[in-house]
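Reader: I want to learn how to read pockets, cavities and a buried side chain. Can we work through one case together?

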Amino acid sequence: MAAISVSGKDRVFVLTGAGISAESGLPTFRASDGLWAGHRIEDVCTPEAWQRNPWRVWEFYSGRRADGAKAEPNPAHFALAELEAKLGERFFLCTQNVDDLHERAGSVRLVHMHGELAKSRCENECGRAPVEDRTIYTSLDEVGRCACGGLLRPHIVFFGEIPLEMDRIQEEIGKATLMVVVGTSGSVYPAANFVHWARLGGARTVYVGPEAPLNAAAFTHVVEGKAGEVLLGLFQVG
Ligand code: APR
C-alpha cells in the first residue's frame with residue numbers, strides 16, 4: 001500500500017497488541033501456539049485465580065518476565081518511536097502489551113492499559129503506587145508484602161478488571177485524526193472499540209498485521225503484513 005500521509009495538522013493515536021512484539025520472539029495470546037493455548041485464563045489471569053492460588057498466577061507472570069528479559073525491541077517498535085520523535089505531542093501510544101519494548105525503543109508518550117510486567121503492586125486497593133519489580137520468582141515465599149500487609153501481585157490488569165488510564169486514552173482518541181492499530185486480534189474490549197470511537201470523531205483508521213482482525217470492518221485501511229516489515233516507511237510525515 002502507498003504510504004500514509006501525516007500532515008502538520010494530524011494527531012496520531014497508535015494502539016498496539018501482542019503482534020508487535022511477535023518479531024521480538026514473544027508469543028501472542030491467541031495464536032494456535034500462543035499463551036492461551038498453553039494456559040487457562042481462569043487459572044492465571046483473573047481475580048478469582050489470584051484468590052484461589054496466587055502462586056499459579058506468579059508462576060505464569062514470572063515466566064513472562066523471563067521471556068521479556070530476553071527480548072529486544074524490533075523494527076516496528078523503533079518505527080513508532082521514530083514517528084513520535086517527528087510528531088512530538090501530536091503522537092500518543094497506547095499499548096495492551098505488558099512488556100517494555102516500546103520504552104526500550106525510545107517511546108515516551110505511552111500508556112500501558114493492561115499493566116506492566118516490570119512492576120508489582122499490593123493485592124489490596126490500599127492506595128500505594130506499584131513498585132518496580134523484575135524478580136523471576138521460584139516460590140510464593142519469595143514474594144514480598146506491602147506495608148499494609150497485602151501480598152504483592154503482578155501489576156497486570158486481570159480479565160474482569162478495569163483497564164488503566166482510560167480517561168487519558170479517551171481524551172487522546174477524541175483529539176486524534178489518524179488511528180493506527182498494530183498487531184491485535186480485536187477480541188478484547190474496550191481496546192477493540194477504540195477504532196469505533198475514533199471513527200465517530202472522523203479519524204482515518206489503519207490496521208497493520210498479517211491477518212485481518214475481528215473488527216476489520218471498522219478500519220478505513222487494512223495493511224496486511226508483519227509490523228516489523230510494514231511500519232518502517234509506512235508514514236510520510238509532511
Ligand atoms: N506483526 C503484526 N501483527 C502480528 C504479527 C506481526 N509480526 N504476528 C502476529 N500478529 C497479530 C495476529 O495476527 C493477531 O491478530 O497479532 C495479533 C495478536 O492477537 P492476540 O494474541 O489476541 O493478542 P492481543 O490482541 O494483543 O490480545 C489482547 O488479550 O489476553 C489479553 O491482556 C491480554 O493484552 C492482551 C489482550
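Author: What follows takes a pocket, then two cavities, then a single residue. Keep in mind that this is a predicted model.

Reader: Start with the pocket. Which residues line the second largest pocket?

Author: A pocket is an open set of points, and its lining residues have an atom within 4 Å of a point. Here the lining includes Arg65, Gly68 and Ala69. It also includes Val98, Asp99, Asp100, Leu101 and Arg104. Leu117, Ala118, Arg134 and Ile136 complete the list. The space in this pocket is about 180 Å³.

Reader: Which element gives the most to that lining?

Author: Helix H4 does, with 3 residues. Helix H4 spans 54-70. Helix H6 (101-105) and strand E5 (115-122) each supply at least two residues as well.

Reader: How does the lining divide by class?

Author: There are 6 nonpolar residues, 1 polar and 5 charged.

Reader: Where does this pocket lie with respect to the domains?

Author: Look at who contributes. Domain 1 (1-26 + 73-114 + 163-238) gives residues to the lining, and so does domain 2 (28-70 + 119-156). The second largest pocket therefore lies between them.

Reader: Now the closed spaces. How many cavities of 30 Å³ or more are there in the whole structure?

Author: A cavity is a set of points where a 1.4 Å probe fits but cannot get out. The search finds 2 of them at 30 Å³ or more. The largest has a volume of about 60 Å³. Its lining has 14 residues. Nearest its centre lie Leu15, Val181, Ala191, Ala192 and Asn215. By class, the lining has 10 nonpolar residues, 4 polar and no charged.

Reader: What lines the second largest cavity?

Author: Its lining is Arg11, Val12, Phe13, Glu89, Arg90, Phe91, Phe92, Glu172 and Ala176. Strand E2 (12-16) and strand E3 (91-95) are the elements that give two or more residues. The classes are 5 nonpolar, no polar and 4 charged. The volume of this cavity is about 40 Å³.

Reader: Last, one residue. Is Tyr61 buried or exposed?

Author: Check relative accessibility against the cut-off: buried means under 20%. Tyr61 has 5%, so Tyr61 counts as buried. Tyr61 sits in helix H4.

Reader: Which residues is Tyr61 in contact with, leaving aside neighbours within four places in sequence?

Author: Val44, Cys45, Leu117, Pro154, Ile156 and Phe158. Take Val44 as an example. Tyr61 and Val44 are 17 residues apart along the chain, and their C-alpha atoms are separated by 8.3 Å. Leu117 links back to our first topic: this contact of Tyr61 also lines the second largest pocket.

Note on methods
Residues numbered from 1 in each chain as written. Predicted model: local features only at pLDDT ≥ 70, side-chain atom pairs only at ≥ 80, totals over all residues. Heavy atoms only, no water. 1 Å grid on protein atoms, 1.4 Å probe; cavity = no way out; pocket = protein on both sides within 12 Å on 5 of 7 lines; lining within 4 Å. Points joined across faces, edges and corners; volume = space filled by probe spheres on them. Helix = DSSP H or I, 4+ residues; strand = E, 2+ residues; numbered from the N terminus. Nonpolar A, V, L, I, M, F, W, Y, C, P; charged D, E, K, R; others polar. Domains from an automatic or database assignment. Buried < 20%, exposed > 50% of the residue type's maximum accessible area, 1.4 Å probe, protein only. Contact = heavy atoms within 4.5 Å.
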